[in-house]
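Reader: I have a two-part request today: could you walk me through some helix packing and then a few surface features?

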Amino acid sequence: MWNYEKRLQYPVKISKTCPKTAQLIISQFGGPDGELAASMRYLSQRYTMPCREVAGLLTDIGTEELAHMEIVSAIIYQLTKDMSIEDAKTAGFDAYYIDHTSGLWPQAAGGIPFNSCEFQSKGDAITDLFEDLAAEQKARTTYDNILRVVQNPEVRDPIKFLRAREVVHFQRFGEALEKTKRKLDERNYYFFNPEFDKQLLRQ
Amino acid sequence: MPDRTALLNELNDISFVMNDVTLYLDTHPLDEQALELFEQSKNRRKQLMQEYEQQFEPLTVDCVCVNSHGASQDFCNYPGQRHFTWVDGPTPWEGGHI
């Protein structure tokens, strides 16, 4: 069950139209390391997590990623809501415009549609947590890349917030991984699947 | 005229403290200092959510109070009338009120 709270987790107020910037930032909506993939990854993985605390963490981070998706979407919306056809053409946003006008649609910066192949839910606690750690770093790199390209401080401000959250989530997943390892039977030193092979969990 | 932006900013700040300390408590459930911070921010947030509903509009359906007609006259189609206030207020992604 989820409840909606009618506010952004971090405010977004962008006064200058720029479809070019929107086209880059849309990757963090529907791209390979975007917030939609992040949320779906964690919310899918949690059901079979053997450690209650880790399942709880996946729920909470997966939920926060939905709020991040809303921030990214708000950025894209505000960058494009007042664009003219000329703006769209000169920014190279015209191909997107043909299919979606100024509507929001999850895709990568290069135009590839959102796809659940961007993430994995393997049913193996250690595998999934390593994936989560990598995912946070990949998203952090993407935000770093955006910050190198985008100069508008009104856009950079919420992007910096999102980048900082990737760092915190990485830290929390690292702690979750250590917790999960401690639950494994000491004979399972290769960290093989404790979710399915339950005898490999410490009694 | 009450300041919508100031109250919302305060609410955003305290809510963020709660978000962050929640994740920390997920992996450190016995940390006394964090438990204390959680309790404090939870109470303050509850208070601010109520205040926001009274002065402007509800931010969650749990905050909807059908007898408060929505104090804010802007972002409201039925000012002064008893109505469902859940859709009152600016959309969060609009950014205009920040």
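Reader: Against which helix do the buried residues of H2(B) pack?

Author: Happy to help, and please keep in mind that this is a predicted model. The buried residues of H2(B) include Ala34(B), Ser41(B), Arg45(B) and Leu48(B). Met49(B), Tyr52(B) and Glu53(B) are also among them. Their packing partner, spanning residues 4–27 of chain B, is helix H1.

Reader: How many Å does H2(B) reach from its first C-alpha to its last?

Author: H2(B) has 24 residues, and at 1.5 Å a residue the expected span is 34 Å. The model comes close to that, with a reach of 35 Å.

Reader: Is Val61(B), in the segment after helix H2 of chain B, buried, partly exposed or exposed?

Author: Buried would need under 20% relative accessible area, and exposed over 50%. Val61(B) has 41% relative accessibility, so this residue counts as partly exposed.

Reader: Which residues make the nonpolar surface patch with Val61(B)?

Author: That patch covers about 250 Å². Besides Val61(B), its members are Val66(B) and Phe84(B).

Reader: Which residues does Asp60(A) touch, leaving out those up to four places away in sequence?

Author: Asp60(A) is a nice one to look at: an unreviewed UniProt entry places the feature "binding site" there. Asp60(A) lies in helix H4 of chain A, residues 52–80. Its contacts are in chain B, namely Thr22(B), Leu23(B) and Asp26(B).

Reader: And why does Asp60(A) count as partly exposed?

Author: The partly exposed class lies between 20% and 50% relative accessible area. Asp60(A) falls in that class because its relative accessibility is 26%.

Technical notes:
Residues are numbered from 1 along each chain as its sequence is written. Chains are lettered from A and ligands numbered from 1 in the order in which they are written. This is a predicted model: local features need pLDDT of at least 70, side-chain atom pairs count only at pLDDT 80 or more; totals for chains, interfaces and linings use all residues. Side-chain values use heavy atoms; hydrogens and water are left out. UniProt positions are given in the numbering used here, feature names are shortened, and annotations may be inferred rather than shown by experiment. Helices (H or I, at least four residues) and strands (E, at least two) are DSSP runs, numbered from the N terminus. Buried means under 20% relative accessible area, exposed over 50%, partly exposed in between (1.4 Å probe, protein chains only). Contact means heavy atoms within 4.5 Å. Patches are made of residues with over 30% relative accessible area and no salt bridge: like charges are joined within 9 Å, nonpolar side chains (Val, Leu, Ile, Met, Phe, Trp, Tyr) within 5 Å. Accessible areas come from the Shrake-Rupley method with a 1.4 Å probe; for residues, only the protein chains shown count as cover. A salt bridge is a side-chain nitrogen of Lys or Arg within 4 Å of a carboxyl oxygen of Asp or Glu. The expected span of a helix is 1.5 Å times one less than its number of residues.
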